[in-house]
Structure formats: C-alpha cells, structure tokens
Amino acid sequence: MNHHIHWQARAIPFQTGESVASALQRAGIHQLGRAPTGQALAVFCGIGQCQGCLIMADGQVTEACLQICRDGLTLQPLDGDADV
Amino acid sequence: MPDPAEFDVLIAGAGIVGASVAWHLASAGLRVAVIDATGPAAAASGASDGAVSVASKKPGLMARLASESLLYTRELSTGGPLAGAFHARPSYVFGSGAVEMSALDALVSKLADLTGPVRVTADGPATLLPGLGGAVDRLVVLEGEGHMPGHKAVRAYLSRPGITTIWPAPIRAIASDSNGVTLDLGHRKLRGNTLVAALGTATLDLFPALPIQPRAGQLIVTDRGPVDALRGSLTAASYLVAKTGSGDQLPLPPVVIDPLTTGQYLIGSTREAHGRTDQVDFATLKSLLSRASQIWPALLNRRVIRTFAGVRAAVADGLPIVGAMPGQPRVLMATGFEGDGICLSAVIGREVALMVQGLAPQSHWAADLAALSPARFENTAQKGAA
Amino acid sequence: MSDHPILIVGAGLAGLAAAVELARQGLPVLVIDQAQAIGGAVHRQPLPGVRSTATGAQAHRWSRLIAEVQAQAIPIRCGTRFGGVDHTGAALLTGALSTLIRPRAIVLATGARESVQPRPGWTLPGVMTAGAIQSRIKTLAEPPQGRVLLAGSGPLLLAVGAELCRLRHPPIAIIEAARPLFNPASLTLPLPYLTEAATYLAHLLRARVPLFFGAHLTEIIQTNGPLVAQIDTRKGPRNFAVDVIGLHDGIRPNDAGLTNCDVIPTLRLGDCREALGARAALADGFAGGQKLAAELLGTTPPSPNHDLQRQRAAQARLARIYAHDGLARLAEIPAETVICRCENRTLADLRALGPAPTARALRLDGRFAMGACQGRFCAEWVGRLSDLKAPPKPIGAARWPSRPISVADLLTTSDPIEKETK
C-alpha cells in the first residue's frame, strides 16, 4: 500500500484495483459530503445503482463505488471543502 | 329530456389553460368540474419549460396577447392564485451568424413596438453575461419575463374551493344541444350548461375537424448542482426562428437552457411533426447539448439524468383556437397553444370565463380574440389559409 | 447490419451465458459491464492477490461458464456504462468504450437491485445495503470496520452474516422479519437451497451470532457516536450500538430507465427481467441466448426451459417461507421518514399530495422518482404507500439514460452512426 488517493487534505492508502468507496471506508470515512438537497452522501448500494456516494474525482462528479483508485487521485465532497 | 345540469361549466382538460378557466369561473361563483383523461398537467403543461415569455411569440396578435397575459400573471402572483408559482426573472437571447442576427434585430424591434412589460436592458457582446462561452456574437438581455412551472400553476389554480376535479376519466363522446352539454365518461354521464374544451393534442380525438397537429420536442434534464450565475433562460435566436418562422431549415440547433430552482438545468428543444413522447434520440440530444455546452460551459460539469419528449398542440395557421364552436354555442374551445399555454393561460382563462358568462371582453381585445375563433376554419377552402 | 454485434449489457451469469449461446451459433457479440471486472453481483471477482470467498459450488459454476466464455473468445469491455437505446436503435456507451453503436439486437442483463424498506435513519452514513457489505467481502476478502448489524428480510442476510463469520468478524446480530426456520414448508425447498442454508447457519451458530427471527429494525439513531438500531423483537424492544448496518428486504429487477426498442430485438434476461437468483439467471441466460439466436437465424426456437420453471417455483416457495408483516409496518413509519433518498422527500411530502395522486403529480409535485437513481430505490415504496392494497406500479414511463451520463462524456462519444449516414 505505497500509493495514495487524496481525500481533501488527507492521504489515504489503497489496494490496487479497489474502489474509492472501499478505500475511504477502510479509513473510517463514511460521510462523503452533502448533496444539494441537504442529504448526507454515503455508500448505500455499493454497486453503482443508487447515486448515493457521489464525489468529485479530479473535478468530475462520479460514484465513489465505481471510481477505481489510482495514485494521486484527488477527491472532494460535492459541497466543496467542508470538513467531513 | 336530458338530466338537469350538475354543473354550470364542464371543463375538459386539466392542463394550464383548463385550470385557469376553471379558477376564473369558480371565482365568478359558478359550479365548475374539470375532467381529465389522466390527471393534472398530464401532457404539454407538465412537460413544458415553464417560460412565461413574450420574446418567443410571433409579432402582432400573439405578442400583444402574451404581453397582456404576462402583466396579468404578475398580478395573479401577487397574493393571488399564482403566488409561489410564478417568479420574475431575466431572460437572455443569444445568436451568432446572419440568420440569428436578423432574428435578434426582429426581437428588439418587436419589443420596442409593444411598449409592454418586457424591456431590453442590454444588447451587446457575450461579455454581458459572465459565464457565457464563446460562439456567441450577440446577447440580448431582457427584464420583465418570468418562470412558472406548468404543474405548479395547475395545482395552484385547481386548489380553489368550488372546483370539482374528475380523473382519470377519458371522455368517450360529447353531445351538445341548445340547453347544455353531456359528456359520456363511460361509467357515467356528466351534464353541464356549457363545455370548455381545453384538450390540447387530445382535441383531435373529439373535434377531428379542427386542424390541430401534434408537435413533439425533445428535452434533457441534468442533475442538481450549485445554483450558478445563470438567473434566467438562455435562448438561441434560432429557437425564435423555429417558433415564428416559416419552418425553414434552422442555421443552428434551437437551444434553450433553463436553470431550474432545484439547481438542475432543463435543456430543449426541438419542434418535430409527430406526437410520440417516446421518441428521443441520441443524435438530436448530442446536437442540442453540443451547442448548449458551448454557450454555457458549466454544463460540461453536469450529468444528464433524464430525457423526454413533450408534445404540444399546434394549429395549421399558428394561432390558438379560442371561442364558441360554430353551430355548437354551448361548446367553447381553448386549445392549440403550441407551447404558449403557460404564458397565455392567465389572460385566456379570464377571457374564456367572460365568454362563458356571455360578457363582452374589454373592447381593445375584441378584435384579437375574434381572430382566434374556431369560426375561422369554416369554409377554409373558399377563404384560403387565414 | 448482420456484421453488427449483439450488445449484451451486463457480464454476470445471464449476460455471459447468453453471449456463449449466441457466439456458439456464430453470431458476433459484445459484452459490456460498468464494473471493472466481470462476474456481476453474484460472482464479483476478488482483486488480484485477494483470495476468493466463493463457496465450492459457486466457484465450480463460475469456472465452467468462464471456460465457455474463453473458448468462444467473447469480447468483453468492462468499465463501460450503458446509457440506453433510443427509438432509432442507437445505443450509447460511455466509459472505457465510448461510442454510439447500432447493435443487431440487445440483451439487457443488468441483474438485480436490492429492495430496502424505508425506516427512520436509513439515510445515515454507515447504513448501507447488505449487498454493499457482501460486494466488499467478495472483492477484498475484508469486512467493514467496526461492529456490523444485519437487518431486514431474505436469505442474503444469513449469507452475508456467514461470510462475516468466515472472516472472523461476525455480525453483532441478524434481525430477520420472517421466521423461515419455524416454517415446516422450509423442508420442501430443493436440496441445494437447504444445504446452502445449513452451511450459513453452521457458521453463524459456531460464532454465536444472535439471530432474531420475527424481529424488525424500526429506527436508527445517531448522536455523535455509533449508530443505535432500535429493534422490535418478539420478546420486546432491544437496541444495538454498531458502526455499520446492512439492510436488505429482497431483490428486484434492476430495470429502472431501461426502455424497449421497437426496431431491433431487445431481450431482458436473468434478474433484470425476473429476480429469481443465480441459478435461474444462468438457465435464463442460456435459454434466452438460444431463443435470440433462433430468431436472428430463422431456425427452430428451443423448447421451454424447465430449469427456469423449477427455479421460479422454488423462489415462490422461498417467498412464502419468508412472508412477514413488514409491509404493515411501512404504513406506520413516522411522517418525517425519507422515502426518496435522491431528492430527500419524506412520507409527509407524499401525503401532502392528497389521496391517490397520479404518476405525474407524484413526479412533478412530489418529486418522487425524479432523482438521479431514476426511482430505483423509492418507486416501489411510493407506489405502496400511495395505495397499500394495490401492487406497486412504475411511476411514469421509463426514460433513458438508465444511469446518469456526464455531458462531457456524451459529447466526446465517437459517433460512427453519423459517419455511416453521411
């Protein structure tokens, strides 16, 4: 686990091939931000169906459970820099 | 002998026009029933972008009516039934290339002639609106128009006490005599003194002689995002050409970008000569989105979550049909608005309510309203296209 | 057109089985899947270097299918998302393979989704589907961190519980609304069902996992600490403080936003058409592939598939064994309970629409089924809550995209169709 993704200012290690959702879960991060509706964003279905775990990955909105980790990938909550 | 009338007025169609007519009649103390095959705002009203726009109306009669209706809509939204349904907002019309430039010239002079509620507050380069992308030669900024989602207005109008709503109830047949009208709803019959038919594309089923044609438009809805700098609809001048012109080939896709209060965008719209709501194709959407995202690059960060087609009821001569059916004095038509129902519904509701009560319109409207009468289709062959 | 491939959406059991059958008949196919690897939900593959958690029977079924897939050299593109098929027969693919294609036919094999009944607190972070926990176990052989509670109804709860035990991370408890073990009809299930269930129960009992049958998770509360699950058991209320809750109330076809196309043959196979589980999906995939091949080649259609009928009967029996009164509880949830997760709409918002709202009113006025998931997780409950007696209906017509597509992706999609028609 020498590679890292960056969740806000935090470097998070990952296993090759795993999703952003699972790397963040291992790091104890469950809440991924807030949707524009005010709803907390978090992994729910885990397989790309529910749209509940949306994040910004390198500036694009995507599902954390479908986005595969790669070294240096920068991730942010949809609602900006709020510390979640 | 037919049964005694249960209602003073039956209104066929719970779209925005029928709902406005119902509200005005109920306000005048009449017993009103609104009947719909499906439910409220089930067709064009529910699929519309909600633009209360004078800019998109044909110069002359339609633009005059739209101006009057915009003013009246504002009045109804100030403590009236449309409070919360109508919101004033600026609108933007853009263009590039010769055809769109001359459409913008026509728009500016039309609005100047009207001296109505819509004013041009700026007319110049793309830099007038921060966030606008390249590929815009000229932008016209308008103040005075607004936004009113059709379903909200319908709900607001129909919530007035004194209006009975009946749905889902397809109308099988209409029988009118000199005393009133009977609707056959299959499981029951309904009797009223007068019928107002505000049926949109369904007019064809019950009044096949009227020259109504369905016209579909494809629309795109994006996901929610931060509410950005775009405060009102952003319309390509070619959309005005499509609505007011002779149906010539458009120079550029007729894009309208509408920022919704949810933080979503609604992007439309084509005008296609069919009535299929399931015909949405990638090639068309790509062409709409391609121009839309050049004009408003923030769209490139959004996702498409839904696409659909709405169907408007168009009339061969481009004018709506409003007034008593020839030979059927108890039947009044209020249909064929081809997407302009949102804007015109307020004033049409008021005027049709007067007609139902046998009251005269304000004198300066008499000629304009007469021009919309279904009587214009009698002996069309002899008169030629009206 | 005959050189255009048959597009198969979903590289799970049904999709791959159909691909194998079609390829055997000499028909070109293209299989896509939005995940990074084949397998679907049931046979989700472990990451490289991770040991498989599949049981012997599962591994055997999968390796036999994969041998066929390899023998037929079936082209598969993972990381590719299906946007939909329009009325002209054009299909939109984005992601690893980004193109508009005009397939000769389409097989929709998008599998199942989980059904999760709304409960107060079900939108809290840390509350997920039992399937989400299982999918993590399959790819990483790793349990979620912290204390896990499983609740709802269905055989999957026992399966996930057993997998957690095998990873030496047993759940705090399993809360099952039904009482399957107390139903004598259980013994009439096919033998493979029984041996599977016995294996799960053995793991759970060995790890001394408390199993509550006829019990319901009624509410989840969180105040600056763990999730607290309120449980209504047959012997009175209980609560459990945990870190992760896996909810599950059955499986349904994952068919939201999937439209049919009139101009090319379109087939739905496996759980995507009828959620009957893995065995049925495999049988349905093979049978559907044969049927489509016969249709395209003008040969004799195959005889009806008895495997599928057997599985349908077994699933119907299973559903009866798992019958419970959870739906009655749905009517009793507090008004502020979120029903639509995407648009954050509550039961109170639904009630505000008045009695018997139309589909249009549910969508436009209520904003139900209007969010990014296309109503996948709320439409079922909105339908039931609007009319508890009627079986749930879809709220309005299906509209593609079946999943959100980025505008940028859509615009950069290559368009061979455009070139063809020029």
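**Exercise 1.** What percentage of the 84 residues in chain A is made up of buried residues?

*Solution.* The model is predicted. A residue counts as buried if 20 or more other C-beta atoms lie within 10 Å of its own. Under this criterion, buried residues account for 49% of the 84 residues in chain A.

**Exercise 2.** Determine whether the radius of gyration of chain A agrees with that of a compact globule.

*Solution.* For 84 residues, a compact globule would have a radius of gyration near 12 Å. The value for chain A is 11 Å, which agrees. The C-alpha trace of chain A spans about 35 × 25 × 25 Å along its principal axes.

**Exercise 3.** Derive the strand arrangement of chain A, beginning with the order of its elements.

*Solution.* Step one: chain A contains one helix and five strands, and from the N terminus on these run β-β-α-β-β-β. Step two: the five strands form an open sheet with mixed pairing, in the order E2-E1-E5-E3-E4. Strand E2 (10–13) and strand E4 (60–63) of chain A are the edge strands, each pairing on one side only. From one strand to the next, the twist averages 40°. Step three: strand E1 (residues 4–7) of chain A pairs with E2(A) in the antiparallel sense over four bridges; the bridge partner of His4(A) in E2(A) is Pro13(A).

**Exercise 4.** Characterise the side of chain A that touches chain C.

*Solution.* Contacts link 28 residues of chain A with 32 residues of chain C. Helix H1 (residues 20–26) of chain A supplies the largest share of the chain A side, three residues. By class, that side comprises nine nonpolar, 17 polar and two charged residues.

Key
Residues are numbered from 1 along each chain as its sequence is written. Chains are lettered from A and ligands numbered from 1 in the order in which they are written. This is a predicted model: local features need pLDDT of at least 70, side-chain atom pairs count only at pLDDT 80 or more; totals for chains, interfaces and linings use all residues. Two strands pair if DSSP finds at least two bridges between them. Helices (H or I, at least four residues) and strands (E, at least two) are DSSP runs, numbered from the N terminus. Axes are lines fitted to C-alpha atoms, for helices over the stretch in contact, and angles run from 0 to 180 degrees between N-to-C directions. Two residues are in contact if their C-beta atoms, placed from the backbone, lie within 7 Å. Ala, Val, Leu, Ile, Met, Phe, Trp, Tyr, Cys and Pro count as nonpolar, Asp, Glu, Lys and Arg as charged, and the others, Gly among them, as polar. The radius of gyration is taken over C-alpha atoms; the globule rule is 2.2 Å times the number of residues to the power 0.38. A residue is buried if 20 or more other C-beta atoms lie within 10 Å of its own, exposed if 12 or fewer, and partly exposed in between; C-beta atoms are placed from the backbone.
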